[in-house]
Amino acid sequence: MTRRPTDYAVIGGGVLGCLAALEILARDPGAGVVVLERDAVGSGASRRSAGLHFPRGASPRVREMAAYSQRWYAAAKAARPELPVHGLGMTVLAPVAAGAGLRRAYLPEAGLRPAAGVPAPLDRLPGGMSAWEGDGCQYADVHALTQLLARDLRRTAKFHEGAEVTGVHPGADGVRLELGTGGDLSVGHVVLAPGPWLSAPAWKHLVAPLGARVKKVVALHIEIPPAPGDGAVVFQDEDAFLLPYHERGHWLFSYTCDEWDVDPEALTPGISAADRSDALATLGRYAPHLVEHCLSGRVFCDAYAPDREPIVRALTGDGRVVFAGAANGSGYRLAPAVAAQAAGLLPLPSQRKDAA
């Protein structure tokens, strides 16, 4: 096959886009790869991501993806201890009768077992709730991790930062990309990893049939330093969690914000009174003593799939444009598996390493 100067373009320089580029080059080290990012690398959802990984999944496919990603991160950390990925204890809070359901939702690697006591920073368990300890939890500084991945990639891939893609035009012999910096770029195949920027004019028409939507994500910062050994606390029924940010010196509380179809360009980055009130209504049911310490936080958004499973799919009949994303708030957690599945849809050498 005749090699083009650029065989593959990855649109989106977040953690998923960088992992997709790394996956392509791991399978085909001689490929010409370019990463295109409208802003700076890691400046979108990756910059504000909580970066929590816990070993669970609501469906067989997501559980397989979580297991794949957990193995990937463990291997990466073992090979490079300097990566900003940190192991963490985990306690899951759920109704007393939920034990069997929890074990179906969490991976066997989690080894769920009844907790010995009340996890910090809680001071009690609400009535009717039980606590389960588990393994396999970790968190990362996703922005810093993305910068390290990009640094590695620059040895073998090209980067265009601050280069908005203004047009995506698939053709019989490749894909022509129009760039806001001027000129075109001709590539063989494209991996589109836009995060919450689903409605960008360049690809809105390609992405719309996927049915993905963009939801607001809100997390509060609890200005109490975590103690050494404090772990994550997952509120199973609330789809919320407490995360000790040991490196930053505070706790983070993430809850489910139900504000849909937001525009990432128009989203106000600050916490509103309504955001704080909604978050505290959830937190107050479990840890009312923490409410007065919730003085700050972060707001961003993410893409969600109709069936709550990440979307990895060819957007064109010839497979030249592949979408990877809509990971439902689990972009970091499932990114290695999403990247592997996206690479599996490309015409790369046969030594496939796809996620199950």
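Two residues are in contact when heavy atoms of theirs lie within 4.5 Å. Keep that cut-off in mind for this tour of a predicted model.

**Stop 1: S330 and its partners**

Select S330 to begin. This serine lies in the loop between strand 18 (321-325) and helix 8 (331-343). Leaving aside neighbours within four places in sequence, S330 is in contact with D302 and A335, so show those two residues as well. Is S330 buried or exposed? Its relative accessibility is 14%, and buried means under 20%, so S330 counts as buried.

Stay in this loop and select A326, which also has its place between strand 18 and helix 8. What is notable about its backbone? Phi of A326 is near 50 degrees, a positive value in a residue other than glycine. With a relative accessibility of 4%, A326 counts as buried.

**Stop 2: the whole chain**

Now zoom out and colour the chain by secondary structure. You should find eight helices and 18 strands. The radius of gyration is 21 Å, close to the 21 Å that the globule rule gives for 356 residues, so the chain is as compact as a globular protein of that length. If you draw a box along the principal axes, the C-alpha atoms fill roughly 65 × 40 × 35 Å.

Switch on the surface next. The accessible surface of the chain comes to about 14,700 Å², and carbon and sulfur atoms account for 53% of it. Of the 356 residues in the chain, 56% are buried. Among contacts with a separation of 6 or more, 74% are between residues 24 or more positions apart.

For the charges, select the positive and negative side chains in two colours. There are 35 positive and 37 negative side chains, and the centres of the two sets lie 3 Å apart.

**Stop 3: the nonpolar cores**

Hide the surface and select V168, L177, W203 and L242. These four belong to the largest nonpolar core, which has 55 residues, and they touch the most other members.

Which residues does V168 contact beyond its neighbours within four places in sequence? The list is I11, V175, R176, L177, A202, W203, H205, L206 and V321. Show them as sticks and V168 as spheres to see how they are arranged.

Apart from this core lies another one, of 49 residues; L16, M65, A66 and V338 are among them.

**Stop 4: helix 3**

From A66, step along to A67, which lies in helix 3 (residues 60-79). A67 is buried, with a relative accessible area of 12%. Not counting neighbours within four places in sequence, A67 is in contact with L107 and E109. For a distance to try in your viewer, pick the C-alpha atoms of A67 and F54: these residues are 13 apart in sequence and 9.7 Å apart in space.

**Stop 5: two glycines and G12**

Select G42 in the loop between strand 2 (33-37) and helix 2 (45-48). G42 counts as buried, with 2% relative accessibility. Leaving out residues up to four places away in sequence, G42 touches G13, G14, R47, H143, T146 and Q147. Now add G12: it sits 30 residues from G42 along the chain, and their C-alpha atoms are separated by 8.8 Å.

Keep G12 selected and add G195, found in the loop between strand 11 (189-192) and helix 6 (204-207). How many residues separate G195 and G12 along the chain? They are 183 residues apart, yet their C-alpha atoms are separated by 7.4 Å. G195 is partly exposed, with a relative accessible area of 31%.

**Stop 6: two backbone details**

Select A120 and P121 together. A cis peptide bond joins them, with omega at about 5 degrees. P121 is in the loop between strand 5 (113-114) and strand 6 (129-140).

Finish at D261, in the loop between strand 15 (250-255) and helix 7 (273-286). Phi of D261 is near 55 degrees, again a positive value in a residue other than glycine. Is D261 buried or exposed? D261 is exposed, with a relative accessible area of 53%. Going back to A326 makes a good last view: that residue has a positive phi too, but A326 counts as buried.

Conventions
Residues are numbered from 1 along each chain as its sequence is written. This is a predicted model: local features need pLDDT of at least 70, side-chain atom pairs count only at pLDDT 80 or more; totals for chains, interfaces and linings use all residues. Side-chain values use heavy atoms; hydrogens and water are left out. Helices (H or I, at least four residues) and strands (E, at least two) are DSSP runs, numbered from the N terminus. The radius of gyration is taken over C-alpha atoms; the globule rule is 2.2 Å times the number of residues to the power 0.38. Buried means under 20% relative accessible area, exposed over 50%, partly exposed in between (1.4 Å probe, protein chains only). Accessible areas come from the Shrake-Rupley method with a 1.4 Å probe; for residues, only the protein chains shown count as cover. Lys and Arg count as positive and Asp and Glu as negative; His and the chain ends are not counted. The place of a charge is taken as NZ of Lys, CZ of Arg, CG of Asp or CD of Glu. A nonpolar core is a set of buried Ala, Val, Leu, Ile, Met, Phe, Trp, Tyr and Cys residues joined through side-chain atoms within 4.5 Å.
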